[in-house]
Amino acid sequence: MDQRNASVLAALLLVGLTFGCGGGLSSNGGPGPTPAAPTAPAAPTALTAMAGNQQVTLTWTASSGATSYHVKRAATSGGLYTQVGAATVTSYTDAGLTNSTKYFYVVSALNTAGESANSSEASGTPALPAPAPSVPAVPTALAATAGNQQVSLSWTASSGATSYRVKRASASGGPYTQVGAPTTTSYTNTGLTNGTTYFYVVSALNATGESANSSQASATPAAVAAADVTITVNPTNTKPISPWIYGLNFYTGISGAPPHLTLDRAGGNRWTAYNWETNASNAGSDFLYENDTFLTSSTTPAEAVRSFVAADQSLGMASVMTVQLQGLVSGDESGPVSVTSPPDLTRFKQVIDKKSTITPAAFTDTPSPTDANVYMDEFLWSMDQKIPGIFGAGAPLPTFVSLDNEPELWNSTHLEVQGHNPVSSDNYIAKTITLTKALKDQFPNVMIFGPVHYGFEGIYNWQGELSATPDGTNWFPDKYLPAIKTASDAYGKPLVDVYDFHWYSEATDGSTRVTNLTGSTLTDAQVQAIVQSPRSLWDPTFTENSWITNAVLGEPIKLLPRLQAKINAEFPGTGISITEYENGGDNHIAGTIAQADNLGVFGSQKVFAATLWPLGTCPYILAGFRAFRGFDGATASFGDTSLAATSSKVQNVAVYASSDSTRPGRFVFVAINRSTSTQVTAINGVTLSGTASVYQMTASSAQGQNPIHPVLVQQIPASGSSLTITLPALSVSTIEVQ
């Protein structure tokens, strides 16, 4: 085969092979596959909205196949959406918006095939940008306290400060040299020369810069002076401190109520005629003898009490509720009741202690509001249905039960139900026994407080009925306690667990009762009347100036030891509570001192429960709680065990000492200087180790504070069995050693 023919043959073979395997044609001889039609992109994901000043910037994740996006906005969540922009990238800024208005967005993706569904919604609220950080304010209230070769400084925190610079000079006005850089509002400058005066200023810092210097303070270190007062602590003579002494009446209604309190009471004249079935009540002479809806407009049975206890539980507090012992409760909410011929029985309903004595009907949480009777045992049953376990043994936040309120005064405060004749002591005791049996039949472990005296004369002679003598066993408790014990022994358990009374101090400055000394400016005599008045609760060496000591007793009141002695002799094991008290000084450091003193007395005298009744706006009185509860601005509190402490000059200084059963080696002291001069005070007798942190309240430190609270002024080493502290005039100092 010649060369030309060979080439032709090769070409023919190649064509044959190509067509033989189907190349260029389908296997059935038809055309090849058609390309797929384009589809719309998926909806964008991960849409986020970042608000700015009059604008919102949106970003999202790209959708595969998308060539552009539609941005849509609505004024409410869920639409209707209106397109406000189109983007070819995955971000968009919607400008020209109104600050503080919330906008809602979705985004869809597009290409030539169409538009996706909307993305998930995102929202943003435009706002003005935050102001640029500024240097902190100048520290204020710089105070310098001299010690032995040291000066302790404290000041008020500057907003925005992250640290401070402490600067010292040897002459007034400087030049100053930095000596410390604390992050807290106190600093102790040590290693100084006694007898030399040092001058200090403090500045505040943050990332932006440093403030100007504070006003100057100065102090002159000196060797420890001989103690003015010696406190002797006996760590082997201890008493448990009840957790329930740190209480208020109507906690949530008190402006500036301190945190970390433990007990709240719903009591007072308003509750004597409270009808739990309808929540109607009558405050008696406190307000027009009016049946009304003051406690709540709710018609849900017991709602006035349920809501009170529930609020306490949410705040971690126990409660005291009031049951009605007088015998009549409000039958309507129709306004003032005539007291021309009291009681007007058409306006009231009868209290029945035990429901089964009237009807075999079972307890119900929805009693008829139109029948004639209101049942007390059913009241407690209903409360336990609403908040189970509050009357049980070991309840972590128990509800205690108070037997009405100030019964000796019913014929004046509650003329509308009692009438003109007072309840006799015999009648009162009989009513107490009947009611308490009914309550304990239903809840054997409920703790009951009685008789809820209004004050001294109720305790002494039942408002003049009894022929009591100052040191005799013929006071009202001497009649009440044996009678309740006899009934309790027969019943098989105590019917009244806690002897309760009210104590609005009757002490005067010679003319004005301390509870009426409420101003911010007081004379020395008025201050001393207030700050000394708590001593009448316990001190056998103190005689206040009042009608009690001048016209009745002729000697110190020493009320708690007197009452405890009667309890020990006549009904051992009964506790003591003071569910209303106040000593004046609402707007003066004297009020802080008196209240702190009261709390110290309650712990050292083993009072079971106490609830302050503020007679007005009283920021200084409320500050007294902060010496014991949260004194560090957080949760640090007085210990749970009282250590006996005696003062060599109790008229000047009292110190209350505590240990902590959960933290061995931790001791907390509350030192009260009620004198008008500095008192160097030596606390002896308890072995200390660690650091003593001193928190103080004085008239000076309280200026400008809201709320008034202790200020950390000093931290010093503590070792051995003695600690010496200089107490400013008219001050409360909390000393924590750990």
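In strand 13, T190 is the bridge partner of Q150, and this pair is a convenient place to enter the structure. The model is a predicted one, in which local features need pLDDT of at least 70 and side-chain atom pairs count only at pLDDT 80 or more, while totals for chains, interfaces and linings use all residues. Residues are numbered from 1 along each chain as its sequence is written, and side-chain values use heavy atoms, with hydrogens and water left out.

Strand 10 (residues 150–156) and strand 13 pair in the antiparallel sense over five bridges, where two strands are said to pair if DSSP finds at least two bridges between them. Helices (H or I, at least four residues) and strands (E, at least two) are DSSP runs, numbered from the N terminus. The two strands belong to an open sheet of three strands in the order 9-10-13, with antiparallel pairing. Its edges are strand 9 (140–147) and strand 13 (186–190), each of which pairs on one side only. From one strand to the next the twist averages 15°, the axes being lines fitted to C-alpha atoms, for helices over the stretch in contact, with angles that run from 0 to 180 degrees between N-to-C directions.

A second open sheet of three strands has the order 22-24-25, and here the pairing is mixed. Strand 22 (328–330) and strand 25 (373–375) are its edge strands, each pairing on one side only. Neighbouring strands of this sheet are turned against each other by 45° on average, direction ignored. Strand 22 pairs with strand 24 (residues 348–352) in the antiparallel sense over three bridges, and V329 stands opposite K349 in strand 24.

Helix 3 (residues 376–386) lies across strand 24 and strand 25, running at about 50° to strand 25. From helix 3, E378 forms a salt bridge with K355, the closest N and O atoms being 2.7 Å apart; a salt bridge is a side-chain nitrogen of Lys or Arg within 4 Å of a carboxyl oxygen of Asp or Glu. This pair links distant parts of the chain, since E378 is in helix 3 and K355 in the loop between strand 24 and strand 25, 23 residues apart. By this rule the count comes to 22 salt bridges.

The remaining part of the tour concerns helix packing. Two packed helices are described by the angle between their axes and the distance between the axes. Helix 9 (residues 524–532) and helix 12 (residues 589–604) pack at an angle of about 15°, with their axes 8 Å apart. Helix 9 is therefore roughly parallel to helix 12, angles under 35 degrees counting as roughly parallel, over 145 as roughly antiparallel, 65 to 115 as roughly perpendicular and the rest as oblique. V527, I530 and V531 in helix 9 meet A590, G591, I593, A594 and D597 in helix 12, with contact meaning heavy atoms within 4.5 Å.

Helix 12 also packs with helix 13 (residues 619–626), their axes coming within 7 Å and crossing at roughly 40°, so that helix 12 is oblique to helix 13. On the side of helix 12 the contact is made by I589, G591, T592, Q595, A596 and L599, and on the side of helix 13 by Y620, I621, A623, G624 and F625. G591 of helix 12 thus appears in the contact with helix 9 and in the contact with helix 13.
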